[in-house]
Amino acid sequence: MNAQQDHRLCDACGEDRLVPFADLGEIPVLCGVHWEAHGDAVASPVGRMELAACPRCAYVRNVAFEPEKLVYDTTMDTNLHFSPAFQKFSAELVESLNDRYDLAGKLVLDIGCGQGEFLRELVHVSGGRGVGYDAMYAGVEGEQDGATFHAEFAPRGSGLPAYDFFTSRHWFEHIDDPYEFLVDLREQANGREVFGYVEVPDAVYDLATAGWEVIYPHVSYFDAYSLAMIFSRAGWTVESTGTLFSGMFRYIEVSANRPRSQGHAAYTGELPSLRARDKQLAAIAGFAERHHAERQRWRDTIARLDAEGAKPVLWGAGSRGVQFLTLADRELALAGVVDLNPRKWGRFLPVTGHRVEPPSTLTTLQPKAVIITNPAYREEIGKSLADLGVTAEILVA
Ligand SMILES: [Zn+2]
């Protein structure tokens, strides 16, 4: 049998088959979950991560992804809102979207709304109405302050309210059938003029660096080219795309059923350049070797710091932190793991079983090295360490 026949057709461009380029082995499935019992944490499920790329559009996907392994529910905690840096970024985004899209009186869907912080703020600032969907939403369902929340996935086929605008932040990359999702969302607009804002991790960043953001819940990895490609193929008009948050996130703004006669200047109708795509294809080609080298380098670095008595700790037990621990500290050589989120304190992380402590424990521990996996939080963490009376070198993994 021809091996090529086994390869999945590209979700983004639909024109070529995905070619495997890096097998990361088995990694935690529930990287955003933390356990009360150590035994439950280390026995938590793992899944295989085998990255494959489209040679035509640079779309990347975990072709070993098994959707039935990953059940989203209210025990999951992927909340980024405990960070002041992320809150500030979100607040600025609310202002920007409201200024440009004039959302007063409009109906906004937030698909993958998390705990609803962003939608509540958007509705509050704009005077619009909001409907949020997320199987991980653990708050009160029903309407409050202009926003209605559903603790479930956004309905397919029909059942969405007559929306004017949709937002989806850090959810699109989790979907097993991203192309079908986009087609359905456009069809449910029923010919109305609608706009949308989607934010995902930027695959240029993820795949050009060590790859700590290559986590099981992320099925797809988009750069500018493949993100524009999948929206275009699904019948959306790409209005703009760019990076945010120190280059770690990528946004795309899209429209459907927009009357051409209005001659909006913002629309260029051009996909990101082939040069950007080629650069991403080069990053993909070097990923497996780079990823392996980074894993080894961090294992060696932690061992050296430990031997020097520097008591290295990891600050940040989010999904990136969990992936870092899985790949670089299986031996539990770190002196500790801390996180700002009180829901994680005293609990254990998946597979490796590291226990999460509050940052205040660092005052006693006095580590000389603090490892972070997210450069966007460097300044914020530096200030917190100063407040705690800790003098430590911050190392960005
Ligand atoms: Zn493709």
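Buried, in this talk, means under 20% relative accessible area. By that cut-off serine 168 is buried, because its relative accessibility is 1%. The model I am showing is a predicted one.

Let me stay with serine 168 for a moment. The residue sits in strand β8, which runs over residues 165-169. Leaving out residues up to four places away in sequence, serine 168 touches Asp110, Ile111, Tyr197, Val198 and Glu199. There is also a long-range pair to mention: tyrosine 251 is 83 residues from serine 168 along the chain, and the two C-alpha atoms are separated by 9.8 Å.

Next, the nonpolar cores. In soluble globular proteins, nonpolar side chains tend to be buried together. Here the largest nonpolar core has 70 residues. Which residues have the most contacts inside it? They are Leu51, Cys57, Tyr163, Phe172, Phe231 and Trp236. Helix α6, residues 224-233, gives the largest share of this core, with six residues. A second core, separate from that one, has 23 residues, including Ile215, Trp298, Phe324 and Leu395.

Leucine 51 is worth selecting in your viewer. Again without residues up to four places away in sequence, leucine 51 touches Val19, Pro20, Phe21, Ala22 and Leu24. The list for leucine 51 goes on with Val60, Arg61 and Asn62, and then with Leu207, Val214, Tyr221 and Phe287.

On to the cysteines. How many disulfides does the count come to? The count is zero. For cysteine 113, the nearest cysteine sulfur belongs to cysteine 31 and is 19 Å away, whereas a disulfide needs the two sulfur atoms within 2.5 Å, so cysteine 113 is in no disulfide. Cysteine 113 counts as buried because its relative accessibility is 6%. Cysteine 10 is buried too, with a relative accessible area of 2%.

Now the largest pocket. The space in it comes to about 350 Å³. The pocket is lined by 24 residues, and the closest to its centre are Phe153, Arg156, Trp171, Ile175 and Asp177. By class, the lining divides into 16 nonpolar, three polar and five charged residues. Helix α4, residues 178-187, supplies the largest share of the lining, which is three residues.

Then some backbone angles. Most residues other than glycine have a negative phi, and most peptide bonds are trans. Lysine 311 has a positive phi, near 45°. Its place is the loop between α7 (274-307) and β13 (313-315). Valine 351 also has a positive phi, near 70°, and is found in the loop between β14 (336-338) and β15 (356-357).

Are these two residues buried or exposed, or in between? Lysine 311 is partly exposed, because its relative accessible area is 35%. Valine 351 is buried, because its relative accessible area is 16%.

Last, glycine 389. This residue is in the loop between α10 (378-387) and β17 (393-396). Glycine 389 counts as partly exposed because its relative accessibility is 46%. From glycine 389 to leucine 362 there are 27 residues in sequence and 8.7 Å in space, C-alpha to C-alpha.

Key:
Residues are numbered from 1 along each chain as its sequence is written. This is a predicted model: local features need pLDDT of at least 70, side-chain atom pairs count only at pLDDT 80 or more; totals for chains, interfaces and linings use all residues. Side-chain values use heavy atoms; hydrogens and water are left out. On a 1 Å grid over the protein atoms alone, a cavity is a set of points where a 1.4 Å probe fits but cannot get out, and a pocket is an open set with protein on both sides within 12 Å along at least five of seven lines; lining residues have an atom within 4 Å of a point. Grid points are joined across faces, edges and corners, and a volume is the space filled by probe spheres set on the points. Helices (H or I, at least four residues) and strands (E, at least two) are DSSP runs, numbered from the N terminus. Ala, Val, Leu, Ile, Met, Phe, Trp, Tyr, Cys and Pro count as nonpolar, Asp, Glu, Lys and Arg as charged, and the others, Gly among them, as polar. Buried means under 20% relative accessible area, exposed over 50%, partly exposed in between (1.4 Å probe, protein chains only). A nonpolar core is a set of buried Ala, Val, Leu, Ile, Met, Phe, Trp, Tyr and Cys residues joined through side-chain atoms within 4.5 Å. Contact means heavy atoms within 4.5 Å.
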